Amino acid sequence: MTIRTIIAATLALATSAQAAPDDRIAIAAKLRDTALAGNPAWPLLVDLTDSVGQRLAGSEAEARGRAWAKAAMQKLGLVNIREEAFPITFWQRGQESARVLGSNHSLAITALGNSGATPAAGLTAPVACFDTLAALRAAPDAAVKGRIVFIDHRMTVTQDGSSYGINGGVRRAGPAVAAQKGAAAVMIRSLGTDHHRNPHTGSTSFPAGTPAIPAVALALPDAELVGRLCARGPVQVHLVSTPTSQPGQSANISGEIPGSVPGEIVVLGGHLDSWDIGQGVFDDGAGVAITLAAAATIKASGQQPRRTVRVVLWGSEEIGVVGGRAYGEAHKQENIVLAGESDFGADRVWRVESRVAATGLPLFSEIAAALAPLGVQPQPGNDSGGGADVGPLAALGSGVLELAQDGTRYFDYHHTPDDTLDKVDRAQLDQNVAAWTTAIWLAASDDRPLRTKP
Ligand SMILES: [Zn+2]
């Protein structure tokens with residue numbers, strides 16, 4: 001059975017027991033079924049992918065993505081469309097190649113965002129191999145100085161993506177740890193779960209005072225090769241990676257369905273920027289399309305929500321959640337009662353999670369009941385982190401809605417050249433839209449307090 005037939009069968013059962021049609025719960029069920037039967041997410045995602053393509057933070061392509069987003073919002077009937085600019089460091093990759101000296105092995109690599117550059121002709125150095133970030137941290141400086149550090153941590157497949165959380169520090173902090181010990185450069189095993197020769201990019205960062213050294217990720221087959229060579233004896237690598245950094249600009253885009261009672265806002269969205277080596281479909285064109293389509297479904301129903309529904313499409317998430325931070329700062333005086341981000345691909349929602357005031361928990365029981373026919377389970381507890389871009393809002397007290405997606409295959413494509421449209425399963429994309437439409441309608445038609453801080 002396909003996911004679509006499972007959903008259709010369960011919906012038939014669920015809709016036969018609906019209450020009076022003017023009830024907000026009944027409207028939620030109707031909106032859910034409407035979204036599942038047809039919504040604009042797929043055509044939006046096709047259009048964003050084919051007309052704009054990859055949208056590297058700070059690039060001309062990201063700016064075209066913003067123009068696309070504003071036009072899409074207008075077409076879908078959203079109003080109060082805003083573009084809010086903020087400064088960034090515009091990082092761009094240059095040439096990149098690596099080979100193992102004394103062999104015929106060239107390595108599939110990709111530079112990490114914010115990493116530094118080798119000389120144009122590259123650098124050659126012995127490789128110092130470490131199984132984990134902890135082993136690198138424990139190593140004496142003498143074992144690292146002047147070398148190319150290789151970190152061979154292992155990520156595993158998890159439905160909830162937790163292995164990315166556990167291993168993410170290798171990419172985010174590993175290069176800085178190596179730089180502080182005097183390393184010439186860093187190579188990490190990609191944070192990924194596929195075994196193709198596609199390295200996974202992603203951002204790293206260097207604290208003030210730490211030199212930004214060259215840092216690259218190896219495709220998994222290449223990381224395994226380097227690991228085996230290290231076990232045999234000394235390894236020397238010639239590495240070329242010549243990215244550049246310069247002052248740049250990015251922006252957040254938003255549009256609204258105004259509520260009947262002003263002063264309370266429910267935020268949903270995704271991030272517009274992407275990595276440059278793929279097409280930014282799973283990460284995060286899907287989140288952009290899903291949340292735009294959810295708002296469009298509510299708008300097209302003619303039902304006015306009580307609270308304002310605002311779609312926010314953040315810029316420059318990939319290079320350090322710069323858009324999310326700028327948004328939190330610019331909107332800290334606003335009464336954003338709830339915020340949620342779709343940023344984990346295009347596969348089905350399987351869990352609903354919250355972090356809201358106790359007064360908001362009955363709302364989440366309603367949401368869970370309305371999402372059950374879509375195969376979505378409530379996650380016990382009330383401590384969801386939400387997506388990266390809602391973190392700054394949550395820190396200011398906004399309630400958090402998380403519709404957790406199935407991440408089983410997410411890290412096969414994440415931040416690789418393989419992040420392309422053909423990987424999207426349209427039925428699962430539509431299930432996401434149905435879940436967001438339902439949850440946002442229930443939250444926006446409600447009046448119970450949700451914020452965790454005043
Ligand atoms: Zn993302």
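Here are three short exercises on this structure, which is a predicted model.

**Exercise 1: the zinc site**

Find out which residues coordinate the zinc ion, and decide what to call the arrangement of the donors.

*Solution.*
- Start with the donors: the zinc ion is held by NE2 of His271, an OD atom of Asp283 and two entries for OD of Asp343, at 1.9 to 2.7 Å.
- Next, look along the sequence, where the spacing of the donor residues reads H-x11-D-x59-D. His271 sits in strand β11 (residues 265–271) and Asp283 in helix α8, 12 residues apart.
- Now check the angles. Four donors count as tetrahedral if all angles lie between 85 and 135 degrees. Here the 4 donor atoms subtend 52 to 146 degrees, so the arrangement is irregular.

**Exercise 2: buried or exposed?**

Sort His271, Asp283, Val321 and Asn114 by relative accessibility.

*Solution.*
- Use the cut-off: buried means under 20%, exposed means over 50%, and partly exposed is in between.
- His271, with 0%, is buried.
- Asp283 has 5%, so call it buried too.
- Val321 comes out at 17%, which means buried.
- Asn114 has 23%, so this one is partly exposed.

**Exercise 3: unusual backbone spots**

Find where the backbone has a positive phi in Asn114 and Val321, and which residues a cis peptide bond joins.

*Solution.*
- Recall the background: most residues other than glycine have a negative phi, and most peptide bonds are trans.
- Asn114 has phi near 80 degrees and lies in the loop between β4 (109–111) and β5 (123–130).
- Val321 has phi near 55 degrees, and its loop runs between β12 (308–314) and α9 (322–330).
- The cis bond joins Asp283 and Asp284, with omega about 0 degrees. Asp284 belongs to helix α8 (residues 281–301).

Note on methods. Residues numbered from 1 in each chain as written. Predicted model: local features only at pLDDT ≥ 70, side-chain atom pairs only at ≥ 80, totals over all residues. Heavy atoms only, no water. Helix = DSSP H or I, 4+ residues; strand = E, 2+ residues; numbered from the N terminus. Buried < 20%, exposed > 50% of the residue type's maximum accessible area, 1.4 Å probe, protein only. Donors = N, O, S within 2.8 Å, 3.2 Å for Na, K, Ca; no water. Tetrahedral: all angles 85-135°; square planar, octahedral: opposite > 155°, others 65-115°.
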